[in-house]
Amino acid sequence: MKVLKPLRTLDGFSSAFDNGGRFWSLWSDAGDGVITKGELAKGGASLAAGRTAVLHFELLRDCLPAAEAKQALASLDKKATARWKKHQPVRCSAADAVAQRKGTAVIVECEPVRAEVREGQGLTFIMMIPAGKVMVPVLVPVARRFRLWRLCGRAGSAGTTLLAVSPKSLDLSGRRLAIGAIVEESHSRPSKGEPKRRYLVGVAACPI
């Protein structure tokens, strides 16, 4: 996860995304007022113009005045627009974010509070590790790889929404942020009759 520097002008936004003429977008021109799929991917720090790139694009576009934000969106070409429509994030509260379908991209605004490790007890994900010549799936606690932040609710309460952040050294405290994240679901078996726990994995954030 990365904390982005807000881009407050259309010129600054265009410099970040209208970046053609390089090896990643040889058939597009920088500064031509059109953002291609390759330019969207590069500007969004992604190998493909997928959820990560669109989250970067939307977090930074939200920093612009309303009229310029519309211009920025209108600058996407046909293929880039199709990617934007496919991966457009849901803007919602932190509490509503975990009610979204697994894999959904979301943007939430809040001031994160560092969570205690025990709050993530039972949250797990699958990691593939080598075992001889094959890769095998292993169940890993989320807190082992990520630092957990509370986005809403009290510690241990049913309404708590947790954000998993990597690298663990990234400090989100003391500031209000727009956070772009992906909804994930714990792989651990819940108690009988209860749904699997949901949490968010941070992709990028931008100071508000």
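Start by selecting strand β8: T161, L163 and V165 sit on one side, L162 and A164 on the other, and all are buried, so both faces of the strand are covered. Keep in mind on this tour that the model is predicted.

**Stop 1: strand β8 and its neighbours**

Strand β8 covers residues 161-165, and five of its five residues are buried. Now add strand β7, residues 147-152, to your selection. β7 and β8 pair in the antiparallel sense, over five bridges. To find one point on this pairing, click on C152, whose bridge partner in β8 is T161.

Next, bring in strand β10, residues 198-207. β8 and β10 pair in the parallel sense, with two bridges. Here the residue to pick is A164, whose bridge partner in β10 is V201.

**Stop 2: T161 up close**

Stay in β8 and zoom in on T161, which belongs to this strand. Is T161 buried or exposed? Its relative accessibility is 1%, and therefore T161 counts as buried.

Show the surroundings of T161 next. Leaving out residues up to four places away in sequence, T161 touches A94, A95, V98, W149, R150, L151, C152 and L200. Which of these deserves a distance label? Try A94: its backbone oxygen lies 3.1 Å from a polar atom of the T161 side chain.

**Stop 3: helix α5, a helix with two sides**

Move on to helix α5, residues 78-87, and colour A80, W84 and H87, which are buried. They cover an arc of only 85° around the axis, which means that they lie on the same side of α5. An α-helix has 3.6 residues a turn, so residues three or four places apart point the same way.

Rotate the view and select K78, K79, K85 and K86. These lysines are on the other side of α5, and they are exposed.

What covers the buried residues of α5? Switch on helices α2 (37-43), α3 (51-61) and α4 (66-74) together with strand β3 (105-110), which are included in that cover.

Before leaving, look at the start of α5. A side-chain oxygen of D77 reaches to within 3.3 Å of the backbone nitrogen of K79.

**Stop 4: the hairpin of β5 and β6**

Select strand β5 (residues 124-131) along with strand β6 (residues 134-141). The two pair in the antiparallel sense over eight bridges. Follow the pairing to P130, which stands opposite M135 in β6.

How many residues lie between the strands of this hairpin? There are two, and G132 in the hairpin takes a positive phi near 70°.

**Stop 5: zoom out to the whole chain**

Finally, show the full chain as a cartoon. Its secondary structure comes to seven helices and 10 strands. Along the principal axes, the C-alpha atoms fill a box of roughly 55 × 45 × 30 Å.

The radius of gyration is 19 Å, which agrees with the value near 17 Å that a compact globule of 208 residues would have. Of these 208 residues, 42% count as buried. Among contacts with a separation of 6 or more, 58% are between residues 24 or more positions apart.

To end, switch to a surface view. The chain exposes about 11500 Å², and carbon and sulfur atoms supply 53% of this area.

Key:
Residues numbered from 1 in each chain as written. Predicted model: local features only at pLDDT ≥ 70, side-chain atom pairs only at ≥ 80, totals over all residues. Heavy atoms only, no water. Buried < 20%, exposed > 50% of the residue type's maximum accessible area, 1.4 Å probe, protein only. Helix = DSSP H or I, 4+ residues; strand = E, 2+ residues; numbered from the N terminus. Arc of directions from axis to C-beta. Contact = heavy atoms within 4.5 Å. Polar contact = N/O pair within 3.5 Å; in protein donor to acceptor, adjacent residues only side chain to side chain. Pairing = 2+ DSSP bridges. Rg over C-alpha atoms; globule rule 2.2 N^0.38 Å. Areas by Shrake-Rupley, 256 points an atom, 1.4 Å probe, with all protein chains shown as cover.
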